[in-house]
Amino acid sequence: MRARDLAAAFPTVTLGTSALAAARLLAEQDLPGLIVVDDEGRPFTILPGTQVLRLAVPPYCREDPALARVIDEAHADRFVAELGGRSVRECLPDQPRELPITDPEATILEMAALMARTRSPLVAVVGDDRGLLGAVTLQALLDRALET
């Protein structure tokens, strides 16, 4: 089984997409992450859902989870609303990482190793022209691997 056999159409966002729109897309389609594309539609990076969530959670709650307990639900909703003024670009980690991108001939084991190495819940599959052919999610990879 190769990447081309498992790759499925996958939603993309750009660096300028609002973080709130990205969060909605993640939630509405139950996605593990998003593929961020450049102006030519080529994968720029993979944005795990946790990176979007990171912007919604105040730093003091990330540092001390006990503080999160004292904030009621009404106020917690305000934090999510603040994503509207931010872009996907702001969700990206400060240090660039290896991109979880592979070619259509990659095997299941190669994709699993890439996901593990890059800590990514999905891999973008690109063609010779570096254009996006689709994505393979961790769930699809595990489903396929456990069939045998």
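Let's start at T50, which sits in helix 3, the run of residues 49-56. This is a predicted model, and in it T50 has a relative accessibility of 57%, so it counts as exposed, since the cut-off for that label is over 50%. Along the chain T50 and C91 are 41 residues apart, yet their C-alpha atoms are separated by 9.3 Å.

From here we can turn to the largest pocket, which holds about 250 Å³ of space. It is lined by 17 residues, and those closest to its centre are T45, P93, P96, R97 and L99. Which element gives the largest share of this lining? That is strand 3, residues 43-48, with 5 residues. By character, the lining divides into 9 nonpolar, 5 polar and 3 charged residues.

Next, have a look at helix 8, which spans residues 108-118. Its residues I108, M111, L114, M115 and T118 are buried. They lie on the same side of the helix, because the arc they cover around the axis is only 130°. What do these buried residues pack against? Their partners are helix 1 (3-6), strand 4 (101-102), strand 5 (122-126), strand 6 (132-137) and helix 9 (138-147). On the face turned away from the buried side of helix 8 you will find the exposed residues L109, A116 and R117.

Just after helix 8 comes R119, in the loop that leads on to strand 5. Its backbone deserves a glance: most residues other than glycine have a negative phi. R119, which is not a glycine, has a positive phi near 55°. With a relative accessible area of 73%, R119 is exposed.

D30 tells a similar backbone story: it is not a glycine, and its phi is positive, about 50°. You can find D30 in the loop between helix 2 (19-28) and strand 2 (33-37). Is D30 buried or exposed? Its relative accessibility is 71%, so D30 counts as exposed.

Finally, the annotation. An unreviewed UniProt entry places the feature "domain: CBS" at residues 10-43 and 98-144. In the model, residues 10-43 are 29% helix and 26% strand, with their end C-alpha atoms 12 Å apart. Residues 98-144 are 38% helix and 28% strand, and here the end C-alpha atoms lie 25 Å apart.

Key: Residues numbered from 1 in each chain as written. Predicted model: local features only at pLDDT ≥ 70, side-chain atom pairs only at ≥ 80, totals over all residues. Heavy atoms only, no water. Helix = DSSP H or I, 4+ residues; strand = E, 2+ residues; numbered from the N terminus. Buried < 20%, exposed > 50% of the residue type's maximum accessible area, 1.4 Å probe, protein only. 1 Å grid on protein atoms, 1.4 Å probe; cavity = no way out; pocket = protein on both sides within 12 Å on 5 of 7 lines; lining within 4 Å. Points joined across faces, edges and corners; volume = space filled by probe spheres on them. Nonpolar A, V, L, I, M, F, W, Y, C, P; charged D, E, K, R; others polar. Arc of directions from axis to C-beta. Contact = heavy atoms within 4.5 Å. UniProt positions renumbered as here; feature names shortened; annotations may be inferred.
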